[in-house]
Structure formats: C-alpha cells, structure tokens
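Good morning, colleagues. I would like to take a few minutes on the aromatic contacts and the internal cavities of the structure shown here.

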Amino acid sequence: MSFDDFNLYWKKHLIPGGLRAWREFDWNRTLQFISNRNSNCTSWEIEKEDVWERSYKIKNFLKELPTYEILYKRDVNMIETDQCIRCKNGVENWDHLWICEKNELTIKEVIERSISDFEEHLLNEEKHEEVKLLQNMNFSFLKILYEKSEVLIGKDKYWELIRGVYNGKFNKVSKDKDEKELINELWVFCFNALKKEF
C-alpha cells in the first residue's frame, strides 16, 4: 500500500498540514449563513438591506472589511497611514478591530453578555421551554467557543464565529433537531452581537 493514497499533492508537491481539520466546519451551514439564506428572505430576493448584510458577511469572512490597512493600501480618500486612529498603537487590520485596547468590551464579554441577552429575548417571546434548553446548553456552547481552533492556529474557536464559520461541534451538542436549531439561533445571535459591538 502506498502512503500517497492519503496525502494531498498539488502539481506534484506535497501539501503539508492538518487539512482534515477543515472538516471540523459545517460548510453547508456556513454558506447558508454567509449568503443570508437563514433569514426571512426567499432564496433569490434582493433588497438593499440583504445586499448590505451579505456584503458585510463576505468581506468579514475574507478579512476584507474596510480597515485603515485596506483603505491605505487602496489609496482611498488619501488616507495617510494604516495606523489605528483610536489607540494609535499598531496597524488597524481585521484582527485589530476585535482586540483594540480602546474597545469597550472584549470579545468574550460580548459573547457571554449576548447569551444572557438571547435568554432574555426568548423570555420576552414567552419561549420558556427554549430557555430551559438554552440554560442546559450554555456551558457546552461556551466550552466549544473557548477551545483552541484546529484551523486558525493560535486562536480560539470564537474567532471562527467572528468570521461567520459554523463549527461542526455545535451539531454534536445535541441530537435533538429543536435543540440544534436553538444552538444555531444562539450562534447567529452572538455573531450579530459581535458585529454590532465592534
């Protein structure tokens, strides 16, 4: 048996790395989310709000949000530097947006607060069964987010959430369809809270 059966080659060059880790993501749910097919819109409906939302999600996924680094490289509006104008302590790139020392809250604080806000949202809609389910799943949800990412080296899995990539481990928290949907709703709620805060 040849070991080449289990290695990935490109133009006769071995591609190193843990490529199997990419299977960790639920790419179907990620694509559905990024393309806004999880909202109340029909598949091909095009409205201004939907276009803006898709544009944000795609640019965010690709780390191409209009940061000072991107705007400076593109020579937009004669921006003179790529430095963060808030902290003046480094290049304002995609990563810096989320960890700038001038942010009022940290990423973890926003995620933890958004779980509480989601519970309050469910209570306001009188979804008491979902609140009980959520209270049982909170720990598992956070545990997954605070694990080290197998793909984004040196980062925790909440960085995957920030980029809009749905980790397949959320599908394994429960086998119940309603519980899986509740986890997905919580994930989307956390993404939107992060987007709104930063």
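Two rings of Phe, Tyr or Trp count as a pair if their centres lie within 6.5 Å, with the six-membered ring taken for Trp. By that criterion the structure, which is a predicted model, holds 14 aromatic pairs.

I shall begin with Y56 and F191, whose rings meet edge-to-face at 6.4 Å centre to centre, with 70° between the planes. This pair links distant parts of the chain: Y56 belongs to helix α2, residues 48-61, and F191 to helix α8, 135 residues apart. Y56 and F191 are both buried.

A second edge-to-face pair is formed by Y166 and W187, at 5.1 Å centre to centre and 70° between the planes. Y166 lies in the loop between α7 and α8 while W187 is in helix α8, so the pair ties together parts that are 21 residues apart in sequence. The relative accessible area is 0% for Y166, which is buried, and 1% for W187, also buried.

Ring pairs join these four residues with F33, F141 and F170 into a cluster. Over the face of F33 lies K57, 3.8 Å from the ring centre. Elsewhere, the charged end of K155 sits over the ring of W159, at 4.1 Å from its centre.

Let me turn to the cavities. How many of 30 Å³ or more does a search of the whole structure find? There are two, and the largest has a volume of about 40 Å³. Its lining includes F141, L134 and I183. Helix α6 contributes the most, with five residues. The lining residues comprise six nonpolar, two polar and no charged.

Terms used
Residues are numbered from 1 along each chain as its sequence is written. This is a predicted model: local features need pLDDT of at least 70, side-chain atom pairs count only at pLDDT 80 or more; totals for chains, interfaces and linings use all residues. Side-chain values use heavy atoms; hydrogens and water are left out. On a 1 Å grid over the protein atoms alone, a cavity is a set of points where a 1.4 Å probe fits but cannot get out, and a pocket is an open set with protein on both sides within 12 Å along at least five of seven lines; lining residues have an atom within 4 Å of a point. Grid points are joined across faces, edges and corners, and a volume is the space filled by probe spheres set on the points. Helices (H or I, at least four residues) and strands (E, at least two) are DSSP runs, numbered from the N terminus. Ala, Val, Leu, Ile, Met, Phe, Trp, Tyr, Cys and Pro count as nonpolar, Asp, Glu, Lys and Arg as charged, and the others, Gly among them, as polar. Rings of Phe, Tyr and Trp (its six-membered ring) pair if their centres lie within 6.5 Å; planes under 30 degrees apart count as stacked, over 60 as edge-to-face and the rest as tilted. Buried means under 20% relative accessible area, exposed over 50%, partly exposed in between (1.4 Å probe, protein chains only). A charge sits over a ring if NZ of Lys or CZ of Arg is within 6 Å of the ring centre and within 35 degrees of the ring normal.
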